[in-house]
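Here's a quick briefing to read alongside the model. Have the sequence and the 3D view open as you go.

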Amino acid sequence: MGRGKVQLKRIEDKSSRQVTFSKRKGGLMKKARELAVLCDVEVALMIFSDRGRLYEFSSAESLGKILERYRTHVEEEIAVRRSSELEKTHHADCPGLQMGARPLEMIQRYLEEQNIQEKTLIELTHLEIELDVILRQTRFRKTQLMIEAIKAHYEEEKQLREEKTLMEEEMAAMMSEDHVLRLELEPNNARAPPLQETLLNLF
(Lines give C-alpha, C1' and ligand atoms only; values in the text may rest on other atoms or scores of the structure.)
Protein backbone atom coordinates (compact mmCIF):
# COMPACT_ATOMS: atom_id res chain seq x y z
CA MET A 1 0.00 0.00 0.00
CA GLY A 2 1.25 3.47 -0.86
CA ARG A 3 1.62 6.26 1.61
CA GLY A 4 -1.44 8.37 2.14
CA LYS A 5 -1.42 12.11 1.51
CA VAL A 6 -0.25 13.92 4.61
CA GLN A 7 -2.29 16.97 5.51
CA LEU A 8 -0.08 19.90 6.39
CA LYS A 9 -1.21 21.75 9.47
CA ARG A 10 0.26 23.33 12.54
CA ILE A 11 1.72 20.86 15.04
CA GLU A 12 -0.14 21.47 18.25
CA ASP A 13 2.32 19.77 20.59
CA LYS A 14 4.99 22.34 21.43
CA SER A 15 7.77 19.80 21.97
CA SER A 16 7.04 17.96 18.70
CA ARG A 17 6.80 21.28 16.90
CA GLN A 18 10.24 22.32 18.16
CA VAL A 19 11.80 18.98 17.12
CA THR A 20 10.26 19.21 13.67
CA PHE A 21 11.42 22.80 13.30
CA SER A 22 14.99 21.86 14.20
CA LYS A 23 15.07 18.92 11.76
CA ARG A 24 13.40 20.72 8.86
CA LYS A 25 15.51 23.84 9.39
CA GLY A 26 18.70 21.78 9.23
CA GLY A 27 17.52 19.99 6.10
CA LEU A 28 16.58 23.27 4.44
CA MET A 29 19.97 24.78 5.25
CA LYS A 30 21.69 21.70 3.83
CA LYS A 31 19.69 21.84 0.59
CA ALA A 32 20.43 25.55 0.20
CA ARG A 33 24.16 24.89 0.64
CA GLU A 34 24.09 22.00 -1.86
CA LEU A 35 22.20 24.12 -4.39
CA ALA A 36 24.76 26.91 -4.09
CA VAL A 37 27.73 24.57 -4.54
CA LEU A 38 26.35 22.26 -7.24
CA CYS A 39 24.79 24.96 -9.42
CA ASP A 40 27.20 27.84 -8.64
CA VAL A 41 24.38 30.20 -7.66
CA GLU A 42 23.92 32.72 -4.90
CA VAL A 43 21.45 31.59 -2.25
CA ALA A 44 20.13 33.49 0.74
CA LEU A 45 17.91 31.91 3.38
CA MET A 46 16.31 33.58 6.43
CA ILE A 47 14.17 31.83 9.03
CA PHE A 48 12.55 33.40 12.09
CA SER A 49 11.49 30.97 14.78
CA ASP A 50 8.26 31.38 16.72
CA ARG A 51 10.33 33.06 19.41
CA GLY A 52 11.75 35.58 16.96
CA ARG A 53 15.21 34.05 16.71
CA LEU A 54 16.88 34.51 13.32
CA TYR A 55 18.56 31.66 11.44
CA GLU A 56 20.26 32.56 8.19
CA PHE A 57 22.38 31.08 5.43
CA SER A 58 24.23 32.90 2.68
CA SER A 59 26.40 31.49 -0.09
CA ALA A 60 27.99 34.90 -0.61
CA GLU A 61 30.32 36.81 1.69
CA SER A 62 27.34 38.17 3.57
CA LEU A 63 23.59 38.02 3.52
CA GLY A 64 23.44 41.78 3.07
CA LYS A 65 25.30 41.50 -0.26
CA ILE A 66 22.63 39.20 -1.71
CA LEU A 67 19.82 41.32 -0.29
CA GLU A 68 21.37 44.43 -1.89
CA ARG A 69 21.58 42.59 -5.20
CA TYR A 70 17.93 41.56 -4.84
CA ARG A 71 16.89 45.14 -4.06
CA THR A 72 18.76 46.46 -7.09
CA HIS A 73 17.22 43.78 -9.30
CA VAL A 74 13.70 44.62 -8.14
CA GLU A 75 14.28 48.35 -8.68
CA GLU A 76 15.62 47.70 -12.18
CA GLU A 77 12.58 45.59 -13.05
CA ILE A 78 10.29 48.35 -11.82
CA ALA A 79 12.30 50.90 -13.82
CA VAL A 80 12.07 48.76 -16.98
CA ARG A 81 8.30 48.45 -16.60
CA ARG A 82 7.93 52.18 -15.99
CA SER A 83 10.18 52.96 -18.96
CA SER A 84 8.11 50.68 -21.16
CA GLU A 85 4.89 52.36 -20.03
CA LEU A 86 6.38 55.83 -20.49
CA GLU A 87 7.64 54.88 -23.95
CA LYS A 88 4.17 53.74 -24.98
CA THR A 89 2.70 56.96 -23.60
CA HIS A 90 5.27 59.08 -25.44
CA HIS A 91 4.63 57.26 -28.69
CA ALA A 92 0.89 57.73 -28.29
CA ASP A 93 1.15 61.42 -27.40
CA CYS A 94 4.06 62.26 -29.73
CA PRO A 95 3.93 60.29 -32.98
CA GLY A 96 6.98 62.22 -34.20
CA LEU A 97 9.18 60.25 -31.80
CA GLN A 98 8.69 57.18 -33.96
CA MET A 99 9.77 59.08 -37.06
CA GLY A 100 13.44 59.42 -36.08
CA ALA A 101 13.55 62.09 -33.38
CA ARG A 102 16.99 62.57 -31.89
CA PRO A 103 17.70 60.57 -28.68
CA LEU A 104 18.99 63.73 -26.96
CA GLU A 105 15.72 65.52 -27.67
CA MET A 106 13.76 62.52 -26.36
CA ILE A 107 15.77 62.47 -23.13
CA GLN A 108 15.46 66.25 -22.74
CA ARG A 109 11.70 66.07 -23.19
CA TYR A 110 11.51 63.17 -20.76
CA LEU A 111 13.48 65.05 -18.11
CA GLU A 112 11.35 68.17 -18.55
CA GLU A 113 8.21 66.12 -17.97
CA GLN A 114 9.71 64.64 -14.80
CA ASN A 115 10.09 68.06 -13.10
CA ILE A 116 13.51 67.22 -11.67
CA GLN A 117 13.65 70.32 -9.48
CA GLU A 118 10.66 69.05 -7.49
CA LYS A 119 11.93 65.49 -7.05
CA THR A 120 13.06 64.05 -3.74
CA LEU A 121 16.33 62.15 -3.31
CA ILE A 122 14.59 58.77 -3.56
CA GLU A 123 12.67 59.83 -6.68
CA LEU A 124 15.89 61.10 -8.28
CA THR A 125 17.56 57.79 -7.47
CA HIS A 126 14.74 55.90 -9.18
CA LEU A 127 14.96 58.25 -12.15
CA GLU A 128 18.69 57.65 -12.37
CA ILE A 129 18.07 53.89 -12.40
CA GLU A 130 15.52 54.31 -15.21
CA LEU A 131 17.97 56.31 -17.32
CA ASP A 132 20.70 53.76 -16.63
CA VAL A 133 18.41 50.94 -17.78
CA ILE A 134 17.56 52.88 -20.96
CA LEU A 135 21.26 53.48 -21.62
CA ARG A 136 22.09 49.80 -21.17
CA GLN A 137 19.25 48.80 -23.47
CA THR A 138 20.55 51.25 -26.07
CA ARG A 139 24.09 49.89 -25.81
CA PHE A 140 22.82 46.31 -26.02
CA ARG A 141 20.81 47.08 -29.15
CA LYS A 142 23.78 48.91 -30.69
CA THR A 143 26.07 45.96 -30.01
CA GLN A 144 23.48 43.57 -31.41
CA LEU A 145 23.20 45.58 -34.65
CA MET A 146 27.00 45.75 -34.98
CA ILE A 147 27.30 41.97 -34.54
CA GLU A 148 24.59 41.39 -37.14
CA ALA A 149 26.35 43.74 -39.59
CA ILE A 150 29.69 41.97 -39.06
CA LYS A 151 28.07 38.56 -39.56
CA ALA A 152 26.35 39.74 -42.75
CA HIS A 153 29.66 41.14 -44.05
CA TYR A 154 31.44 37.88 -43.19
CA GLU A 155 28.79 35.79 -44.96
CA GLU A 156 28.99 38.05 -48.03
CA GLU A 157 32.77 37.80 -48.08
CA LYS A 158 32.58 34.01 -47.70
CA GLN A 159 30.12 33.77 -50.59
CA LEU A 160 32.38 35.93 -52.79
CA ARG A 161 35.38 33.71 -51.98
CA GLU A 162 33.40 30.59 -52.89
CA GLU A 163 32.26 32.16 -56.17
CA LYS A 164 35.83 33.20 -56.98
CA THR A 165 37.14 29.68 -56.31
CA LEU A 166 34.40 28.17 -58.50
CA MET A 167 35.20 30.58 -61.34
CA GLU A 168 38.93 29.79 -61.10
CA GLU A 169 38.18 26.06 -61.27
CA GLU A 170 35.91 26.54 -64.29
CA MET A 171 38.52 28.69 -66.05
CA ALA A 172 41.24 26.11 -65.35
CA ALA A 173 39.02 23.34 -66.74
CA MET A 174 38.23 25.40 -69.86
CA MET A 175 41.94 26.15 -70.44
CA SER A 176 42.79 22.47 -70.04
CA GLU A 177 40.12 21.46 -72.57
CA ASP A 178 41.32 24.16 -75.00
CA HIS A 179 44.90 22.92 -74.70
CA VAL A 180 43.88 19.32 -75.42
CA LEU A 181 41.80 20.46 -78.40
CA ARG A 182 44.73 22.38 -79.88
CA LEU A 183 46.98 19.35 -79.56
CA GLU A 184 44.44 17.19 -81.38
CA LEU A 185 44.09 19.70 -84.24
CA GLU A 186 47.83 20.21 -84.86
CA PRO A 187 48.85 18.04 -87.96
CA ASN A 188 52.53 17.75 -87.11
CA ASN A 189 51.88 16.55 -83.63
CA ALA A 190 50.78 13.00 -84.34
CA ARG A 191 50.34 10.67 -81.45
CA ALA A 192 52.90 7.92 -80.85
CA PRO A 193 51.67 4.45 -81.91
CA PRO A 194 50.43 2.15 -79.25
CA LEU A 195 52.86 -0.37 -77.72
CA GLN A 196 51.09 -3.35 -79.36
CA GLU A 197 51.47 -1.87 -82.90
CA THR A 198 55.17 -1.14 -82.28
CA LEU A 199 55.88 -4.77 -81.28
CA LEU A 200 54.05 -6.08 -84.39
CA ASN A 201 56.12 -3.84 -86.66
CA LEU A 202 59.32 -5.31 -85.23
CA PHE A 203 58.30 -8.75 -86.49
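Helices here are DSSP runs of at least four residues, numbered from the N terminus. By that count, helix H4 covers residues 121-185, and Arg161 and Glu157 sit four residues apart in H4, so about one helical turn separates them. Keep in mind that this is a predicted model. The chain has five helices and two strands, and from the N terminus the order reads α-β-β-α-α-α-α.

**The chain as a whole**
- Of the chain's 203 residues, 13% count as buried.
- The exposed area comes to about 18,100 Å², and carbon and sulfur atoms supply 58% of it.
- Take the contacts between residues at least 6 apart in sequence: 33% of them join residues at least 24 apart.

**The hairpin**
- S1 and S2 (residues 54-58) run antiparallel, with five bridges joining them.
- Across the pair, Leu45 stands opposite Phe57 in S2.
- There are five residues between the two strands of the hairpin, and Gly52 takes a positive phi near 90°.
- Which S1 side chains are buried, and which are not? Leu45 and Ile47 point to one face and are buried, while Ala44, Met46 and Phe48 point to the other face and are not.

**A nonpolar surface patch**
- Met46 and Phe48 turn up again in a nonpolar patch on the surface, together with Leu54 and Leu67.
- The accessible area of these four adds up to about 380 Å².
- Met46, which has its place in strand S1, is partly exposed at a relative accessible area of 45%.

**An unusual backbone angle**
- Most residues other than glycine have a negative phi.
- Asp40 isn't a glycine, yet has a positive phi of about 55°.
- You'll find Asp40 in the loop between helix H1 (14-39) and strand S1 (44-48).
- Asp40 is exposed, with a relative accessible area of 70%.

**A buried arginine without a partner**
- Arg17 belongs to helix H1 and is buried, yet has no salt bridge.
- Why doesn't Asp50, the nearest side chain of opposite charge, give Arg17 a salt bridge? Asp50 is 4.3 Å away, and a salt bridge needs a side-chain nitrogen of Lys or Arg within 4 Å of a carboxyl oxygen of Asp or Glu, so the pair doesn't qualify.
- Asp50 is still in contact with Arg17, as are Arg10, Ile11 and Glu12, leaving aside neighbours within four places in sequence.

**Salt bridges**
- How many salt bridges does the structure hold? The structure holds five, and three of them follow, starting with Arg69 and Glu42, whose side chains meet at 3.0 Å, N to O.
- That pair links distant parts of the chain, 27 residues apart: Arg69 is in helix H2 (residues 63-93), and Glu42 is in the loop between H1 and S1.
- Arg69 counts as exposed at 53% relative accessibility, and Glu42 counts as partly exposed at 39%.
- Glu68 and Arg71 also form a salt bridge, at 2.4 Å, N to O.
- Glu68 and Arg71 are three residues apart in helix H2, so about one helical turn lies between them.
- Glu68 is partly exposed at 40%, and Arg71 is partly exposed at 38%.
- Back in H4, the side chains of Arg161 and Glu157 meet in a salt bridge at 3.4 Å, N to O.
- Arg161 is partly exposed, with a relative accessible area of 42%, and Glu157 is partly exposed at 37%.

Technical notes. Residues are numbered from 1 along each chain as its sequence is written. This is a predicted model: local features need pLDDT of at least 70, side-chain atom pairs count only at pLDDT 80 or more; totals for chains, interfaces and linings use all residues. Side-chain values use heavy atoms; hydrogens and water are left out. Buried means under 20% relative accessible area, exposed over 50%, partly exposed in between (1.4 Å probe, protein chains only). Contact means heavy atoms within 4.5 Å. Accessible areas come from the Shrake-Rupley method with a 1.4 Å probe; for residues, only the protein chains shown count as cover. Two strands pair if DSSP finds at least two bridges between them. Lys and Arg count as positive and Asp and Glu as negative; His and the chain ends are not counted. Patches are made of residues with over 30% relative accessible area and no salt bridge: like charges are joined within 9 Å, nonpolar side chains (Val, Leu, Ile, Met, Phe, Trp, Tyr) within 5 Å.
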